[in-house]
Amino acid sequence: MVVHRVDGADVDGTAERQTDDKRAPADSPGTDDALSRADSRIGAQAANDKPVPAGAEVPQPYAKQLDIPIADDQPTPREVLDRFTPAEAGLPEVTNEQAAEYIAQTADDRPWLAAAKDCDPAVQRILAAMDQGQGHALERHEGFADDDKLRRRVTALEDPAQLDADKRMAAIDGCKPGDKNHRCGDTATAIQDPAAFATMFARGVEHAKVQEALRMPYDPDRLPQPVSIPVRDLLGADGHRYCSGYTLEPVDGSLSKARDHRAAWVEARRTPGREPGVSDPRCTAVDGFEAAQTQYFFRSTREKDGYEIATMYVELLRGEEQE
Amino acid sequence: MNEPFWQTRPDAPFATLINVARTYCHPELDEDAYESLRRLAQRDDDDEMTTFKQELRDGLVRPEKVPQAELSRAVQYDDGSADKFLRRLWHDLYPDEPVPGQA
C-alpha cells in the first residue's frame with residue numbers, strides 16, 4: 001500500500017529496518033531464534049509493501065504553509081503557533097530560544113526531536129514544550145514513528161518510544177516505568193511532518209472542546225472525556241495528506257479478534273519456545289484520512305492540579321461498523 | 001462519515017458505558033487512568049457512574065443489546081469479545097459484587 005511521506009524518502013521503511021537490525025544483533029541478550037524469526041516475518045511484510053510509485057504526489061512540507069490561512073476566516077498556522085501558551089495545555093513555558101537550546105541538548109538522547117533541529121523556531125517551541133510534558137504524542141504520533149515503526153507497533157506492539165531494541169521487540173512500553181507491556185489499538189497513525197504536527201497540537205489546544213476539557217475543575221479520580229476534531233479544521237483541506245497509518249487485518253472479519261490474536265502472538269514472541277498458535281498479525285495501510293478526526297486524550301498534570309493532553313493522534317472514528 | 005452515536009447522543013442507551021470506558025480504558029492511556037476509574041467506581045453519589053454501572057449491568061445480563069462493534073471500536077480492548085471485556089471490567093471495578101448474568 002502506498003503511504004506518502006513528506007520527505008518522499010524510504011517509504012518502504014528499508015533504512016529503518018536496517019537500523020533496527022543493527023540495534024538487535026542475533027547474539028544480543030533476549031534475542032533468541034523465535035524472536036529473530038518473528039522479526040523477519042514482520043520485516044517480510046514491510047518489504048512486500050509497495051513503494052510510492054514514481055511521480056506520486058507528495059505534499060510539500062507544511063512549513064511552507066505556515067503563513068497561509070487554512071480558511072478565509074481562520075488565522076495562519078504561524079499566528080496559532082506564535083500565540084500558543086504552553087501553560088494552557090498544562091505544559092512548561094518555553095521561549096523560542098529555550099526551545100532551540102533544549103532540542104540541541106537533548107535530541108541525541110531523544111531521537112523524536114531530531115527532526116525538530118531544522119524546524120522553524122515557532123514549531124520548535126511547541127515540540128520542546130510537548131516533550132517536557134507527560135504526554136507521548138510526539139514519540140508515537142509524529143514523523144519519528146515512520147511507516148515501518150507504525151507497522152511494527154500495530155502488528156507486534158513494538159513501541160516507537162522504546163529505545164532499547166530488545167525491550168522494543170519484547171513489546172515493553174517506552175514511557176511507563178517498570179517494564180510494563182505496551183498497548184495499542186487496532187490502528188497506529190502519525191502525522192508525518194513536524195510543522196503539521198505542531199500546528200495540529202497548537203490549534204487543537206485553542207479549540208473550545210479541548211479548552212473545556214483542560215479547564216475542567218480538577219478531580220483526582222476523574223478525567224475529561226476524549227475530544228474529536230476533524231483534521232481539516234486543524235490543518236486545512238489538505239491536512240489529511242500529512243497523515244499515515246496502518247490497521248490490523250481482521251481475523252474472521254473481526255478487528256476485536258485480531259487484537260486478541262495479536263496479544264497471544266506477542267506473548268508467545270516474548271516467551272522462548274512457545275508457539276503462538278495464531279497466525280502472524282498483518283496490517284494494511286489506512287486509506288481515507290480525508291474524513292479523519294484528531295483525538296485528544298487527557299491526563300492529570302504532574303502537579304496533580306489540572307489536566308494536560310495525554311496524547312493526540314489521528315483516527316478514522318467510524319459509527320456503524322461491522323466487526 | 002457518520003459520527004458514532006455515543007458522541008452525538010450521549011443520553012442514548014450504552015452511550016455512557018462506551019464514553020466512560022473509552023475515557024479510562026483505551027490503550028492510548030496508561031494504567032493510571034484505569035486506576036482512576038477503579039476509584040471513581042466506588043463513589044455512590046456520582047450520577048455518571050451510577051448510569052455507567054447500570055449500563056454495565058444491563059450489558060452483562062443482556063449482551064445482545066450491547067452495540068458491540070461500537071464498543072470495540074471506541075475502547076479497543078484486547079479481551080477478544082465485548083462480553084469478556086465487560087466481565088473483566090465488572091470484576092475489576094466491583095470485586096465484591098458477583099458478575100451479573102453469571103450463573
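This dialogue goes through a sheet, a helix pair and a buried lysine in a predicted model.

Reader: Which conventions and which confidence limits apply here?

Author: Residues are numbered from 1 along each chain as its sequence is written, while chains are lettered from A and ligands numbered from 1 in the order in which they are written. Because this is a predicted model, local features need pLDDT of at least 70 and side-chain atom pairs count only at pLDDT 80 or more, whereas totals for chains, interfaces and linings use all residues, and side-chain values use heavy atoms, with hydrogens and water left out.

Reader: How many helices and strands does chain A have, and in what order do the strands of its open sheet stand?

Author: Strands of a sheet pair through backbone hydrogen bonds, either parallel or antiparallel. Chain A has 12 helices and 6 strands, taken as DSSP runs (H or I of at least four residues for helices, E of at least two for strands) numbered from the N terminus. Three strands form an open sheet in the order S1-S3-S4 with antiparallel pairing, where two strands pair if DSSP finds at least two bridges between them. Strands S1 (187-191) and S4 (283-285) of chain A are at the edges with a single partner strand each, so one side of each has no neighbour in the sheet. S3 (residues 243-248) of chain A pairs with S4(A) over 3 bridges, and Tyr246(A) has Ala285(A) in S4(A) as its bridge partner.

Reader: How should the packing of H4(B) and H6(B) be read?

Author: Two packed helices are described by the angle between their axes and the distance between the axes. Helices H4 (residues 47-61) and H6 (residues 82-93) of chain B pack at about 135° with axes 10 Å apart, the axes being lines fitted to C-alpha atoms over the stretch in contact, with angles from 0 to 180 degrees between N-to-C directions. H4(B) and H6(B) are therefore oblique to each other, since angles under 35 degrees count as roughly parallel, over 145 as roughly antiparallel, 65 to 115 as roughly perpendicular and the rest as oblique. Among the residues that meet are Phe52(B) and Leu56(B) in H4(B), and Leu86(B) and Trp90(B) in H6(B), contact meaning heavy atoms within 4.5 Å.

Reader: Is Lys176(A) buried or exposed, and which residues does Lys176(A) touch?

Author: Lys176(A), in the loop between helix H8 (165-169) and S1 of chain A, is buried, with a relative accessible area of 14%; buried means under 20%, exposed over 50% and partly exposed in between (1.4 Å probe, protein chains only). Not counting residues up to four places away in sequence, Lys176(A) touches Asn181(A), Arg183(A), Asp30(B) and Glu31(B).
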